[in-house]
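Student: I would like to work through this structure with you, taking salt bridges, a pocket and a surface patch in turn. Could we begin once it is in view?

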Amino acid sequence: MYHKDTICALATATGEAAISVIRVSGEQAFKICGKLLKNSEEVSTWNSHTIHYRNMIVNDEIIDDVLISKFNTPNSYTGEDSIEISCHGSYLIVHKIIHALLENGARTAEPGEFTKRAFMNGKLDLTQAEAVAQIISSRTDNSLKGARNQLNGRLSEKINYLRKELIDTSSLVELELDFAEEEIEFMPLDNIKSKVEEVVAEIEKLISSYSYGKIIRDGIHVAIVGKPNVGKSSLMNYILKEKRAIVSEIPGTTRDIIKEEVNIDGFLFKFVDTAGIREAFDEIEREGIERSREEIIKSDIALLIDSVDEEYDNALVDKITEIKPQETIIHVVNKIDIRDKEYDENVVKISVKTGEGINTLFEVIKSKVIDKNIYTEDNAIVTNLRHLNSLKKAKENLNKSIDTINSQLSGEFISIDIRNSVTSLSEIIGEVTSDDILNNIFSQFCIGK
């Protein structure tokens, strides 16, 4: 059970700004706010969803002229009586108002507590609450669309549909057990098996969407690798449109990894410029090469850069393919402005100097990691590892129930496996969730949300 006391926090970013917004939510929100107004005005008499211009007074001193937005329970973000105070964005003013709210009975909100209360009061399910945090952290159009998709309830609708299908099926199995002596069959085992297999197929679609969901949430990790002086750092600088990496004719200039992010066509690309892979001549370079290896392993895509003026290095290709699946490696040949040569059709030819082939390279990267047929605005997309793990548990239990049916065991065992799957699905939307999981989820929110 969560606390019913009244909480407050700054909802906008700290620091100087044109305005700041302070949130107050809880049973005493109107009373506490009223104490900071002239003659302790009765805020409770105001109509819900109205805005009022007032002076905020502390110790008989006008602190600021503010706009106060009032929301009555249950028609507020949290589902509780709520106030939002829009004041001038001075740190001193914000501090004085919050201090006065605390002095008059409010307490400081914990991270994510406003959204947690919205969840506890049935305004949002758990997937939608998590989507709020994803919206706040969105950095590209696609990550925002994915978060909006989840906040709009696409995943929740799908999970609730699957839960209902399984609950209905399990109920028939259990009802049949009650009439075992009469030998009444409510649903043939083959029909139960077909229904379970249909749900498994739907769960598998959701699981397969995670690879795309992870990309729109976290971005595409791209490691730029190759021998020294083939143009790795030049490629990084071209992509970023600035001289971020040092470019030199001296081999081994890049000793450490350089990470930068860029938004390309609505996707977040996380590029890593790595040290040139060769026989190291000192301890520092050796450490740089080892870090490069680690980045290659972690990356979604490795760009193996060669140059037209270098011989094709089979040994280096073998080294990379030892630690990275072939399908996640893109062979890129740079410096085609010097001269063009014939290469395998899978090789992407570019010139960092002129920009030729760079857009093609981006398209090849996206085609490697993004299935364009997966995502539409109306599809449920899994972007959260917690959801993925629960879906896998649900699938595992349903596969057990299929094995049980194939073994012609008692309906009691079939029902247990199906019910366990329902529990796993319920964890996703918060129908069944431990306090530890809730605390972990909302602790990752910012204070004031």
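Student: Which residue's side chain does Arg117 meet in a salt bridge at 3.5 Å, N to O?

Tutor: Bear in mind that this is a predicted model. Arg117 and its partner are four residues apart in helix H3, and therefore about one helical turn separates them. Both residues are buried, and the partner whose side chain meets that of Arg117 at 3.5 Å, N to O, is Glu113.

Student: Which residues are joined into one network by salt bridges that share partners?

Tutor: Glu113, which meets Arg117 in a salt bridge, also forms one with Arg107, where the closest N and O atoms are 2.5 Å apart. Arg117 in turn meets the side chain of Asp5 in a salt bridge of 3.1 Å, N to O. Salt bridges that share partners in this way join five residues into one network, namely Asp5, Glu80, Arg107, Glu113 and Arg117.

Student: How many residues apart are Asp5 and Arg117, the pair that links distant parts of the chain?

Tutor: The side chains of Asp5 and Arg117 meet in a salt bridge. Asp5 belongs to the segment before strand S1 (7-10), whereas Arg117 belongs to helix H3 (residues 113-120), and the separation along the chain is 112 residues.

Student: Is Asp5 buried, partly exposed or exposed?

Tutor: Buried means under 20% relative accessible area and exposed means over 50%, with partly exposed in between. Arg117, at 2% relative accessibility, therefore counts as buried, and so does Glu113 with a relative accessible area of 8%. Asp5 has a relative accessible area of 30%, and so Asp5 is partly exposed.

Student: Turning to the second largest pocket, which helix gives the most to its lining?

Tutor: This pocket holds about 380 Å³ of space, and its lining has 16 residues, of which Glu130, Ala133, Asn384, Ile441 and Gln444 lie nearest its centre. The elements that give two or more residues to this lining are helix H4 (126-137), helix H13 (385-406) and helix H15 (435-442). By class, the lining has seven nonpolar, six polar and three charged residues. The helix that gives the most, with five residues, is H4.

Student: What accessible area do Ile51, Tyr53 and Leu67 have together in their nonpolar patch on the surface?

Tutor: Ile51 lies in strand S3 (residues 50-58), and because its relative accessibility is 60%, Ile51 counts as exposed. With Tyr53 and Leu67, Ile51 forms a nonpolar patch on the surface, and the accessible area of these residues together is about 340 Å².

Technical notes. Residues numbered from 1 in each chain as written. Predicted model: local features only at pLDDT ≥ 70, side-chain atom pairs only at ≥ 80, totals over all residues. Heavy atoms only, no water. Patch = residues over 30% accessible without salt bridge, like charges linked within 9 Å, V, L, I, M, F, W, Y side chains within 5 Å. Areas by Shrake-Rupley, 256 points an atom, 1.4 Å probe, with all protein chains shown as cover. Salt bridge = Lys/Arg side-chain N within 4 Å of Asp/Glu carboxyl O. Buried < 20%, exposed > 50% of the residue type's maximum accessible area, 1.4 Å probe, protein only. 1 Å grid on protein atoms, 1.4 Å probe; cavity = no way out; pocket = protein on both sides within 12 Å on 5 of 7 lines; lining within 4 Å. Points joined across faces, edges and corners; volume = space filled by probe spheres on them. Nonpolar A, V, L, I, M, F, W, Y, C, P; charged D, E, K, R; others polar.
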